[in-house]
Amino acid sequence: MCGIVGYTGSKQAAPILLDGLERLEYRGYDSAGLAVRNGDALAEVVKATGKLYHLADKTDQGRSLPGTCGIGHTRWATHGDPSLVNAHPHVSGNCSGSGSGQVESDVVGVHNGIIENFTELKEKLLRHGYAFYSDTDTEVVVKLVDYYYKKYKIGPVDAITRTMVRVRGSYALALMFKDYPGEIFAARKDSPLIIGTAEDASFLASDVPAILKYTRQVYYIDNLQVARIAPSSVKFYDLNGDEVTLPLTEITWDAAAAERGGFEHFMLKEIHEQPQAARDTLNSLIRDGKIDLTSAGLTDDTLRSFEQIDIVACGSAWHVGMASQYVIEDLTQLPVRVELASEFRYRHLPIRKDTLVIVISQSGETADSLAALRVAKERGAMTLAVVNVVGSTIAREADHVLYTLAGPEIAVATTKAYSAQLVAMDALAVQMAYVLGTISNEQYGHFIEELGAIPDKIRRVLEDKERLQWFSSKIANAHDIFFIGRGLDYAISLEGSLKMKEISYIHSEAYAAGELKHGTISLIEHNTLVIGVLTQSELFEKTISNMVECKSRGAYLMGVTTNGNFTVEDSVNFTVYIPKTDEHFVSSLAVVPLQLLGYYTSVNRGLDVDKPRNLAKSVTVE
Ligand code: G6P
């Protein structure tokens with residue numbers, strides 16, 4: 001979703017802003033823009049549709065936009081089509097055209113999020129003589145700030161807080177005021193925003209990678225707070241306009257972690273980082289042969305106190321929940337519900353007080369997951385966030401946080417964060433089972449040993465990538481692909497299918513293998529690819545039979561199974577083997593060939609692997 005950057009300091013702002021926007025490209029966007037101020041002069045606004053290089057070309061890589069204070073934006077269209085006129089920054093002035101150039105305006109701003117009551121606010125502003133040139137909710141907010149700024153004449157912080165009281169929805173806003181050269185004002189509610197500080201320069205951004213090259217010192221601005229940044233000062237205010245103090249956090253990740261490091265795409269790099277992501281996450285949870293969740297505030301007594309687990313998430317994180325459901329239920333015998341956050345938040349489900357609601361999220365900012373977390377808290381459940389981004393909103397609002405240590409993930413299609421979430425949830429399942437007494441001491445030791453071996457086994461799966469590269473070249477023109485499995489293999493199929501469709505744009509679906517006969521099998525034609533996941537020994541024969549049923553209707557079969565199950569080759573056209581592991585933890589291994597298959601298919605089709613069309617890394621709107 002939209003990305004925001006801001007810079008004020010002693011250097012030229014535009015190249016820094018362009019560089020920051022490039023690092024936020026992964027969030028997904030369809031147009032971009034900059035507003036830069038040269039001393040006291042009005043802000044100069046430049047916008048471009050399409051890829052960021054159009055904006056860089058238009059501004060001679062930023063050189064044609066002099067000035068040391070500016071804001072930048074990549075827009076993922078919500079209100080209004082992805083056109084020049086709707087691209088940000090937006091201005092408060094009356095202007096014709098797209099709002100580019102030097103428009104006589106008191107306020108210019110960029111925004112990430114959605115203003116829900118923008119129609120009502122627009123009507124109010126129209127009555128007060130404002131005219132609108134775009135279809136965006138952002139132009140409405142910028143003009144509302146301008147309205148309060150002029151009406152009360154108490155200054156930018158007051159105008160912004162009054163606006164915050166009037167708007168409903170989510171926002172990260174960065175604004176420049178004509179009367180305040182060298183300063184940027186920002187506000188936030190439910191959309192990510194960080195403020196960075198360095199010697200003689202201050203920054204703001206939607207995410208850390210945008211500014212990591214310049215500083216590691218960041219403030220996580222809270223919901224309903226305002227920031228005022230100047231080259232050598234950063235101040236924060238609450239909704240009353242009173243100054244508040246926020247802690248400064250040092251970012252510890254390696255800047256190289258956000259670079260491609262020799263790989264053709266971030267996705268391929270991140271696929272290869274999975275052994276490390278799983279190892280780091282497990283190492284943070286396993287000490288001296290025991291699982292220790294106290295860093296997440298989960299003592300044995302706390303873990304013993306739940307009668308029900310609800311897992312809530314979106315996208316791949318929801319698939320982690322689906323896989324964990326099988327593992328937790330099997331090991332602990334506790335009932336587990338897995339819900340899509342977008343459904344959960346509006347479903348009025350009964351939630352008992354002895355329920356642990358687990359929200360899984362890489363970004364910690366997904367709007368539906370955040371809303372679901374708040375619903376769960378309101379209903380009195382205890383909440384646990386399994387989150388990758390430190391300091392994100394979900395991490396801050398949940399009662400307990402279990403951090404995955406995957407490092408920054410840039411490719412839109414998640415891989416290493418998914419893997420880190422899986423092992424974190426497996427460790428949680430094992431520890432719960434242990435304290436509940438549903439597994440023995442021997443089993444506990446065995447599970448911990450098996451978990452510890454996962455990272456190296458993922459590495460071994462990666463060694464087989466050339467065969468998948470070869471196979472993907474054969475399927476690059478497929479129209480439909482079906483992924484099937486039973487039990488945990490079904491959960492893995494869901495993720496395999498999503499990886500395929502989101503980056504290769506080939507239609508694919510995942511089905512519980514037993515459901516095929518209830519409709520889907522009518523879609524099988526000559527050469528339709530059916531990929532069966534076959535790792536659960538108890539269900540192996542059943543799924544093979546379903547695959548053979550497809551084959552006899554013309555399907556071409558691929559199987560993913562455990563080393564040693566060589567009989568698969570009697571029925572299946574192409575087989576991928578993964579190392580043997582305890583069957584509870586197999587998802588971490590079986591998903592890897594499916595990620596690689598999606599990746600190579602996208603590459604073979606010449607697509608934008610890291611930034612697939614219409615998708616965003618972090619979905620901060622409903
Ligand atoms: C987007 C991403 C997915 C991700 C989902 C949930 O759709 O493209 O990869 O699984 O959001 O995101 P979260 O940050 O909450 O895990």
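Asp60 is partly exposed, with a relative accessible area of 39%. In this predicted model, the residue is placed in the loop that runs between helix H2 (52-58) and S4. Its backbone is notable in one respect: Asp60 is not a glycine, yet has a positive phi of about 50°. A positive phi, near 65°, is also found for Gln333, again a residue other than glycine. Gln333 belongs to the loop between helix H9 (315-332) and strand S19 (336-340). With a relative accessible area of 59%, Gln333 is classed as exposed, because the cut-off for that class is over 50%.

A further backbone feature occurs at His88 and Pro89, which are joined by a cis peptide bond with omega of about 0°. Pro89 is located in the loop that links strand S4 (69-75) to strand S5 (90-91).

With regard to overall architecture, the protein chain contains 18 helices and 27 strands. For 622 residues, a compact globule would be expected to have a radius of gyration near 25 Å, and the value of 25 Å for the protein chain agrees with this. Along the principal axes, the C-alpha atoms fill a box of roughly 75 × 55 × 45 Å. Of the 622 residues, 62% are buried. When contacts between residues at least 6 apart in sequence are considered, 70% of them join residues at least 24 apart.

The surface and charge of the protein chain were also examined. About 22,600 Å² is exposed, of which carbon and sulfur atoms supply 48%. The protein chain carries 60 positive and 78 negative charges, and the mean positions of the two sets are 4 Å apart.

In soluble globular proteins, nonpolar side chains tend to be buried together. The largest nonpolar core of the model comprises 122 residues, and Ile358 and Met558 have the most contacts inside it. Helix H13 (residues 416-436) provides the largest share of this core, namely 12 residues. Another core, of 28 residues, lies apart from the largest one and includes Leu125, Tyr148, Met164 and Phe185.

The surroundings of Met558 were considered without its neighbours within four places in sequence. Its contacts on this basis are Leu468, Phe471, Leu529, Val530, Ile531, Gly532, Met547, Val572, Phe574, Val576, Leu594 and Leu597.

Two further buried positions were considered, one in a helix and one in a loop. Asp146 is part of helix H4 (residues 137-152). Its relative accessibility is 1%, so Asp146 counts as buried, the limit for that class being under 20%. Once residues up to four places away in sequence are set aside, Asp146 touches Ser92, Asp106, Val107 and Tyr130.

Tyr26 occupies the loop between helix H1 (13-23) and strand S2 (31-37). At 5% relative accessibility, this tyrosine likewise counts as buried. Residues touched by Tyr26, not counting those up to four places away in sequence, are Asp207, Glu409, Ile410, Val412, Lys611 and Lys617. Between Tyr26 and Val591 the separation is 565 residues in sequence, while their C-alpha atoms are 22 Å apart in space.

Technical notes
Residues are numbered from 1 along each chain as its sequence is written. This is a predicted model: local features need pLDDT of at least 70, side-chain atom pairs count only at pLDDT 80 or more; totals for chains, interfaces and linings use all residues. Side-chain values use heavy atoms; hydrogens and water are left out. Helices (H or I, at least four residues) and strands (E, at least two) are DSSP runs, numbered from the N terminus. The radius of gyration is taken over C-alpha atoms; the globule rule is 2.2 Å times the number of residues to the power 0.38. Buried means under 20% relative accessible area, exposed over 50%, partly exposed in between (1.4 Å probe, protein chains only). Contact means heavy atoms within 4.5 Å. Accessible areas come from the Shrake-Rupley method with a 1.4 Å probe; for residues, only the protein chains shown count as cover. Lys and Arg count as positive and Asp and Glu as negative; His and the chain ends are not counted. The place of a charge is taken as NZ of Lys, CZ of Arg, CG of Asp or CD of Glu. A nonpolar core is a set of buried Ala, Val, Leu, Ile, Met, Phe, Trp, Tyr and Cys residues joined through side-chain atoms within 4.5 Å.
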